[in-house]
Amino acid sequence: MNKMKISDIEEIFERILEKLRFECEEEIEISSDLYRFIPTSEWANFQKNEILVGSLEDDVQCLKLLAKDKDHPCMYVDFDRMASLLRAISQEYNPPM
């Protein structure tokens, strides 16, 4: 089993934010919307080839609620949304060769 300290995760996010602040302007623009989505419950199932579609636009709108409203509950699905956004940023700013 892999373990990681929450303080390490915090440090990693800080470093990611530093990189974005250094290399990007105030906003990040993502040119794509739809992406292949693998539900958390199916992530380790290598037998299934079902393709589901996620929307970055929907993810961003839901994540903005967390930023704007401190009373809005953070749910584990927001982890998936953030992961999708981080992957999209990576593809946008460091496209595969």
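How many residues apart in helix 3 are Tyr76 and Phe79, and about how much of a helical turn separates them? In this predicted model, Tyr76 and Phe79 are three residues apart in helix 3 (residues 76–93), which means that about one helical turn separates them. An α-helix has 3.6 residues a turn, so residues three or four places apart point the same way. The structure holds one aromatic pair. It is formed by Tyr76 and Phe79 and is tilted, with 4.9 Å from centre to centre and 55° between the planes. Tyr76 has a relative accessibility of 67% and therefore counts as exposed.

Helix 3 is also one of the elements against which the buried residues of helix 2 pack, together with strand 1 and strand 2 (52–55). Helix 2 comprises 13 residues (residues 56–68); at 1.5 Å a residue these should span 18 Å, and the end C-alpha atoms are indeed 18 Å apart. Its buried residues are Leu56, Asp59 and Leu63. Seen down the axis of helix 2, the buried residues fall within an arc of 60°, so they line one face of the helix. On the other side of helix 2, Glu57 and Lys68 are exposed.

Two residues of helix 2 also take part in the surroundings of Asp33, which lies in the loop between helix 1 (6–23) and strand 1 (34–37). Leaving aside neighbours within four places in sequence, Asp33 is in contact with Gly54, Ser55, Leu56 and Glu57. The side chains of Asp33 and Ser55 make a polar contact at 2.8 Å. With 27% relative accessibility, Asp33 counts as partly exposed. The C-alpha atoms of Asp33 and His72 are separated by 24 Å, and the two residues are 39 residues apart along the chain.

Conventions:
Residues numbered from 1 in each chain as written. Predicted model: local features only at pLDDT ≥ 70, side-chain atom pairs only at ≥ 80, totals over all residues. Heavy atoms only, no water. Phe/Tyr/Trp six-rings, centres within 6.5 Å; stacked < 30°, edge-to-face > 60°. Helix = DSSP H or I, 4+ residues; strand = E, 2+ residues; numbered from the N terminus. Buried < 20%, exposed > 50% of the residue type's maximum accessible area, 1.4 Å probe, protein only. Contact = heavy atoms within 4.5 Å. Polar contact = N/O pair within 3.5 Å; in protein donor to acceptor, adjacent residues only side chain to side chain. Expected span 1.5 Å × (residues − 1). Arc of directions from axis to C-beta.
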